Structure formats: structure tokens, C-alpha cells
Amino acid sequence: MTFVTWNPWREMEALRREVERAFENFEARPGDGLRGPVLTERFARSYPFINLSEDKDNFYVEALAPGVNPDSLEISIGPARGLGNTIRIAGEKQAIRMDVKPEAYHRNERQAGKFIRTVTLPVEVDGEKVSADYANGILTVKLAKAEAAKPKKIEVKVA
Amino acid sequence: MKESTVPQKREEAVPQTREEARSLVPPVDIFDIEDGLAVVVDLPGVKKEHVDVRVENDVLTIAGKAEHKTPANPLYKEFELVNYFRQFQLTEHVNQEKIKAEMKYGVLTIKLPKAEKAKPKKIAVNVA
């Protein structure tokens, strides 16, 4: 009979592994950028994938959404009308228009359907100054930061 | 329809510098159409000039070069666009002259018409 003493550190280690496993799909780890446009069920709630960038006056939200009819795209800023820090992107990726019988498929990997994604931005944006552009399957939304959120330059006086 | 990565002849001695070595496998739909096959591929971020579709020795190769620049300082990143690459072994001969490819909204649609000899021939049965 083997005798195993209870080791709290081992428990801690197991817990850490559990937590890491739970988060492994969220974390952006170095070298983990190769998540393609494949929509698996696990990621379905975070479709489309987005990249966020900023400069002094604007935020840019880029969404990887191929095959979406631009007319179906709806972008809104919340929670208050016109001002807020959440952006909601909704749209529909169309299924193939051609009449294809189920038995004619050799492969069917592309998924289609409606999607909604809400992203919270670090600061408030002005809902009146939003522009969106859809090119080559990538949606780019440019959002102007609200005046109050812009960095202010404070001059240092030299005595 | 077998997916295959055909070993390509490469000049091993000269390493290709500055070439993006990683590539993504894009999702595809492949289905039969009236006179051949249709292949639909999601290639977001690829301009139509940067798509390379070819059939050689019954192997369909789809390659795409994604050109994408982050508009400003990146804050948060969920996707990264690198090159796309995927190959399929075709089971039937394709009429190379008549391959049509179309790119819209980041989705590539390829139509591969069957070669004449691959089409089923209807043989009339004579009743004596």
C-alpha cells in the first residue's frame, strides 16, 4: 500500500492548472494569435473576433466578419443614446445563396447566422462621431473619444 | 474530396527570409454544382489581387496573403491575420481553362467545372 501524505502545495498546483485551463481561451498569450476565422461553438458567443486600438482622439474596433452583407450590419453606442462606453455590433453572415442539396456537400465548415457582440471600451465615446467601413471581410469602426475622456495636457510651470 | 498538403519542392539551401512562415487554414464549403464543384472559402483581410488559386496535378491550392494594418496603437487583440493556405486533392479532372474565382466581402468562391471526359455519358439503350 502506498502512503500519500496530503500536500497543500499539490492542491494549489492543481487549482492553478484548473484556473489556467478555464482561461486559456480568453488570454492573449504570445504566439497564440493564430485563431482564424473558424467559428467553433466554443467561440460562438464571442463572434466576431475583434481587435481594439486607439490613438489620441479615436478608438478603432476591427471585427473579423467575412461574408456579411453590409446592409445587415448595425452598430450602436450605449448605454445612453449617443454617449457611452459600449459598442454593439450586430449582423448576419449569410448562408450560401445557391440551392445546395444536403447530399451535395463534401465539406461544410463555414458557419452562418446572426451575431451580436457587445464590447465595453475603456472610456466613453461620442455616438455622433462614429464611422464604419467594411472591406475584404473586415469591419473597422472608428469612434471618437468623448471630449471629457481625452487626455489633457497639463503644463508644468517653471518658476 | 481529400484534403492534402502536397510536399512542395523547395530550395532548402536558401532559407526564404522575411516570409511569413505561419499560415492559417481557412474554413471551406465544398459542394457539387451542376457541372462541377464549388469551393467557398472565408478569407477575411485578403484583397482579390492577393488570392492565388491553382489546380496542378489534380491538386487544388488556395493561398491568400492577408494585408492588414492596425489603424492605431493596439490595445486588445483577438485575431491576427497571416497568410492562408489550404490544398485539396481533387478526385475528378477539372477543366482548368474554365475555373472561375470570385471574391466578395472576404469570401472566395471558386467554380471548378469538370473536364469533359469526367462527365457521365449517357448511353442510349436500344430496344430491339
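**Strands, sheet and interface of a two-chain model**

Tyr105(B) is found in the loop between β9 and β10 of chain B; helices (DSSP runs of H or I, at least four residues) and strands (E, at least two) are numbered from the N terminus. The structure is a predicted model, in which local features need pLDDT of at least 70 and side-chain atom pairs count only at pLDDT 80 or more, whereas totals for chains, interfaces and linings use all residues. Residues are numbered from 1 along each chain as its sequence is written, and chains are lettered from A and ligands numbered from 1 in the order in which they are written. The phi of Tyr105(B) is positive, about 50 degrees, although this residue is not a glycine. Most residues other than glycine have a negative phi. Tyr105(B) is partly exposed, because 19 other C-beta atoms lie within 10 Å; a residue is buried if 20 or more other C-beta atoms lie within 10 Å of its own, exposed if 12 or fewer, and partly exposed in between, with C-beta atoms placed from the backbone. Asp58(B) also has a positive phi, near 65 degrees, and is not a glycine. Asp58(B) belongs to the loop between β5 (46–56) and β6 (59–66) of chain B. With 12 other C-beta atoms within 10 Å, Asp58(B) is exposed.

Chain B contains zero helices and ten strands. Its pattern along the sequence is therefore a run of strands, β-β-β-β-β-β-β-β-β-β. Of the 128 residues in chain B, 28% are buried. Contacts (C-beta atoms, placed from the backbone, within 7 Å) were considered between residues at least 6 apart in sequence, and in chain B 57% of these join residues at least 24 apart. Chain A has one helix and seven strands, and its elements run α-β-β-β-β-β-β-β from the N terminus on. In chain A, 22% of the 159 residues are buried. For chain A, 60% of the contacts between residues at least 6 apart in sequence join residues at least 24 apart.

One open sheet draws on both chains. Its five strands follow the order β5(A)-β3(B)-β4(B)-β10(B)-β9(B), with antiparallel pairing; two strands pair if DSSP finds at least two bridges between them. The edge strands, each paired on one side only, are β5 of chain A and β9 (100–104) of chain B. From one strand to the next the twist averages 15 degrees, where axes are lines fitted to C-alpha atoms, for helices over the stretch in contact, and angles run from 0 to 180 degrees between N-to-C directions.

The pairings can be followed across the sheet. β5(A) is joined by three bridges to the antiparallel strand β3 (residues 28–33) of chain B, and Asn108(A) stands opposite Asp29(B) in β3(B). Six bridges connect β3(B) with β4(B), again antiparallel, and here Phe31(B) lies opposite Ala38(B). These two strands, β3(B) and β4(B), form a hairpin with two residues between them. β4(B) is in turn linked to β10(B) by seven antiparallel bridges, in which Asp42(B) stands opposite Val107(B). Five bridges join β9(B) to β10 (residues 107–113) of chain B, the two strands being antiparallel. On this side, the bridge partner of Lys104(B) is Val107(B).

Strand β4 (residues 36–42) of chain B is largely enclosed by the rest of the structure, because seven of its seven residues are buried. The largest nonpolar core (a set of buried Ala, Val, Leu, Ile, Met, Phe, Trp, Tyr and Cys residues joined through C-beta atoms within 7 Å) has 42 residues. The residues with the most contacts inside this core are Val61(A), Ala63(A), Ile87(A), Val39(B) and Val41(B). β4(B) supplies the largest share of the core, five residues. Apart from its neighbours within four places in sequence, Ala63(A) is in contact with Pro48(A), Ile50(A), Ile89(A), Ile138(A) and Leu139(A).

The contact between the chains takes 32 residues from chain A and 33 residues from chain B. On the side of chain A that touches chain B, at least two residues each come from β1 (49–54), β2 (58–64), β5 (105–108) and β7 (138–145) of chain A. β1(A) gives the most to this side, with six residues. The residues on this side of chain A divide into 16 nonpolar, ten polar and six charged; Ala, Val, Leu, Ile, Met, Phe, Trp, Tyr, Cys and Pro count as nonpolar, Asp, Glu, Lys and Arg as charged, and the others, Gly among them, as polar.

How values were computed. Two residues are in contact if their C-beta atoms, placed from the backbone, lie within 7 Å.
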